[in-house]
Amino acid sequence: MALIEIDDNSGFCFGVVTAIDKAEAELARSGSLYCLGDIVHNASEVERLRLRGLDTITHSDLDRLHDATVLLRAHGEPPSTYAVAARNNITVIDATCPVVLQLQRRIKNAYDENKRKLDSGEISAMPLILIYGKEGHAEVNGLVGQTDGEAKVIQKVEDLNSLDLSRDIYLYSQTTKSLEGFREIVAEIKRRKQTGEFQYFDTICRQVANRLDGLREFAASHDAVVFVCGAKSSNGKVLFEECRKVNPRTYLVSDESHLDTSLLAGAERIGICGATSTPRWLMQRIAEIIEEKL
């Protein structure tokens, strides 16, 4: 019989845990709650909470909503969301991750200070604020919102081609991006930049970043690996690819319906791991199914 192990370090990061705890506390109290966007990028966990009364809404829904209670998830929101909530008499349960909240404040302070300097004539042009992250990601939208929409999002080195790098530059990162990718962007800006200042800030969450080496070691120590994560998880896609690099027999599943146990045939040690958005109970369910079928 194969040995099946679940990675102890996989699963929800503390920001997601806090958001879900806040949602469950309100659901236990009132029986219903709105959440602006999926509380976590995992369809199975979203469905579990939906059955308990959590109603996922969009920003368009928020515009039409009045006199209600809405949870803001760990990803964070731009200032415009709080303005809508205040205007519509919406009670906000703010579950923004502390790491994301600190980054939002850091970007806003830099933007506001440079705006002041521009208005007073201390500088002749606004610095270029860059966010290394995924275009359209909820966290990134919240970060760009701290600059009145002026920050530019870059996802890869090629995105630098369309930017004026002669300006002073402030570079930040989405908290869940890879350190390697961030360092590549930093090195390329340094290589290209001829004039102006360049300040960069490693704002990647270490709870997320530090999982990478452990995941690689976990994947390498098993004959086959099942990586569990939702289809919307950016973090999950990155971590899955890193696992597959060290162990080609790494298979991605979003839930038990996508599990093909025939792919695990002959494996004596099977590892199960996941993203920061993967619930522990789902990895345990996958482990039980594998144990039953092999």
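Below, a colleague asks a modeller how the descriptions of this predicted model are justified.

Colleague: What makes strand S10 and strand S11 a pair?

Modeller: Two strands pair if DSSP finds at least two bridges between them. Strand S10, residues 224-228, and S11 are joined in the parallel sense over four bridges, so they satisfy the requirement of at least two. Within this pairing, Val 226 stands opposite Tyr 251 in S11.

Colleague: Why is one side of strand S1 and of strand S11 left without a neighbour in the sheet?

Modeller: The open sheet in question has four strands in the order S1-S12-S10-S11, with parallel pairing. Strand S1 (3-6) and strand S11 (250-253) stand at its edges and have a single partner strand each, so one side of each has no neighbour in the sheet. Direction ignored, neighbouring strands of this sheet are turned by 20° against each other on average.

Colleague: How do you know that helix H9 and helix H10 pack on this sheet, and which strands does each touch?

Modeller: Contact means heavy atoms within 4.5 Å. Helix H9, residues 211-220, touches S1, S10 and strand S12 (269-274), while helix H10, residues 234-246, touches S10, S11 and S12. Angles run from 0 to 180 degrees between N-to-C directions; the direction of H9 makes about 155° with that of S12, and the direction of H10 makes about 160° with that of S11.

Colleague: What makes S2, helix H2 and S3 a β-α-β unit, and of which hand?

Modeller: Strand S2 (residues 33-36) and strand S3 (residues 54-57) run parallel and are joined by four bridges, and helix H2, residues 43-50, belongs to the unit together with them. A crossover is right-handed if, with the strands pointing away from the viewer, the path from the first strand over the helix to the second runs clockwise, and this unit is right-handed.

Colleague: Which residues stand opposite Cys 35 in S3 and in S4?

Modeller: In S3, Cys 35 stands opposite Thr 56, and in S4 its bridge partner is Leu 71. S2 and strand S4, residues 69-72, pair in the parallel sense over three bridges, so the requirement of at least two bridges is satisfied here as well.

Colleague: Why are strand S7 and strand S9 called edge strands?

Modeller: They belong to an open sheet of four strands with the order S7-S6-S8-S9 and parallel pairing, in which S7 (152-154) and S9 (198-200) each pair on one side only. Neighbouring strands of this sheet are turned by 25° against each other on average, direction ignored. Strand S8, residues 169-173, is joined to S9 by three bridges, and Tyr 170 stands opposite Gln 199 in S9. Helix H7 (residues 179-192) lies across strand S6 (128-132), S7, S8 and S9, running at about 170° to S8.

Colleague: What makes a space in the model a cavity, and how many of 30 Å³ or more does the structure hold?

Modeller: A cavity is a set of points where a 1.4 Å probe fits but cannot get out. The structure holds one of 30 Å³ or more, and the largest cavity has a volume of about 320 Å³. Its lining has 25 residues, of which Cys 13, Val 16, His 75, Thr 176 and Thr 276 lie nearest the centre. The largest share of the lining, three residues, comes from H1.

Colleague: How many residues of each class does that lining have?

Modeller: The lining of the largest cavity has eleven nonpolar, 13 polar and one charged residues; Gly is counted among the polar ones.

Technical notes:
Residues are numbered from 1 along each chain as its sequence is written. This is a predicted model: local features need pLDDT of at least 70, side-chain atom pairs count only at pLDDT 80 or more; totals for chains, interfaces and linings use all residues. Side-chain values use heavy atoms; hydrogens and water are left out. Helices (H or I, at least four residues) and strands (E, at least two) are DSSP runs, numbered from the N terminus. On a 1 Å grid over the protein atoms alone, a cavity is a set of points where a 1.4 Å probe fits but cannot get out, and a pocket is an open set with protein on both sides within 12 Å along at least five of seven lines; lining residues have an atom within 4 Å of a point. Grid points are joined across faces, edges and corners, and a volume is the space filled by probe spheres set on the points.
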